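Visitor: I would like to learn how to read a fold from its contacts and its overall dimensions. Where do we begin?

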Amino acid sequence: MAQNHLKFGTYTPTDPDSDGYQVSFATTSSDKSGRTMRGNMKNAVLFTVEAYNLKWTDIDATVASRILKEVMGKDEFDFYHFNVYTASWETGKFYAANFNAPVISIEDGKEKLSELSFQVTGMNPVL
């Protein structure tokens, strides 16, 4: 079977680092959720969203620039990814935030970042 790769819209970047694809889920509960006087939890879940922390290290500045142009400053974009919850590859609407891009070389023609990392969060809940 052929290997799948992440995509931002129609752009396929280099694969992130081996530790550069980390999922987190955030669940929002209603205002009626909370603990009773006896300490028992009463929880009313509203929805859960998925987010992926992505990271590339030792990345060429032109590659980082291309990735950033696909995701930065956009209300939403298509993200083809491996969904951990469904255990399948799929495309969903996401937005990006929390960018980090420390530069290690500004030598002309050899511009490089020590890292490009950011978080993409799903526009729609998984639950």
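Visitor: What share of the contacts with a separation of 6 or more joins residues 24 or more positions apart?

Guide: In this predicted model, such pairs account for 62% of the contacts in the protein chain with a separation of 6 or more. Contact here means heavy atoms within 4.5 Å.

Visitor: Which residues does Phe-118 contact, leaving aside its neighbours within four places in sequence?

Guide: Among them are Phe-8, Tyr-52, Leu-54, Trp-56, Ile-67, Val-71 and Phe-99. Phe-118 also ranks, with Phe-8, Leu-54, Phe-79 and Val-120, as a residue with the most contacts inside the largest nonpolar core, a set of 19 residues.

Visitor: Which elements give two or more residues to this core?

Guide: Helix H1 (61–71) does, together with strands S5 (45–60), S6 (77–83), S7 (88–100) and S9 (112–122).

Visitor: In what order do the elements run from the N terminus on?

Guide: The order is β-β-β-β-β-α-β-β-β-β, that is, one helix and nine strands.

Visitor: How does the radius of gyration of the protein chain stand against that of a compact globule?

Guide: The protein chain has 18 Å, whereas a compact globule of 127 residues would have a value near 14 Å. The C-alpha trace spans about 65 × 35 × 25 Å along its principal axes.

Visitor: What percentage of the residues is buried?

Guide: Buried means under 20% relative accessible area, and 31% of the 127 residues fall in that class. The exposed area of the protein chain is about 8,100 Å², with 51% of it supplied by carbon and sulfur atoms.

Visitor: How far apart are the mean positions of the positive and negative charges?

Guide: They are 10 Å apart, for 12 positive and 16 negative charges.

Definitions and conventions
Residues numbered from 1 in each chain as written. Predicted model: local features only at pLDDT ≥ 70, side-chain atom pairs only at ≥ 80, totals over all residues. Heavy atoms only, no water. Core = buried A, V, L, I, M, F, W, Y, C linked by side-chain atoms within 4.5 Å. Buried < 20%, exposed > 50% of the residue type's maximum accessible area, 1.4 Å probe, protein only. Helix = DSSP H or I, 4+ residues; strand = E, 2+ residues; numbered from the N terminus. Rg over C-alpha atoms; globule rule 2.2 N^0.38 Å. Areas by Shrake-Rupley, 256 points an atom, 1.4 Å probe, with all protein chains shown as cover. Lys, Arg positive; Asp, Glu negative; His and termini not counted. Charge placed at Lys NZ, Arg CZ, Asp CG, Glu CD.
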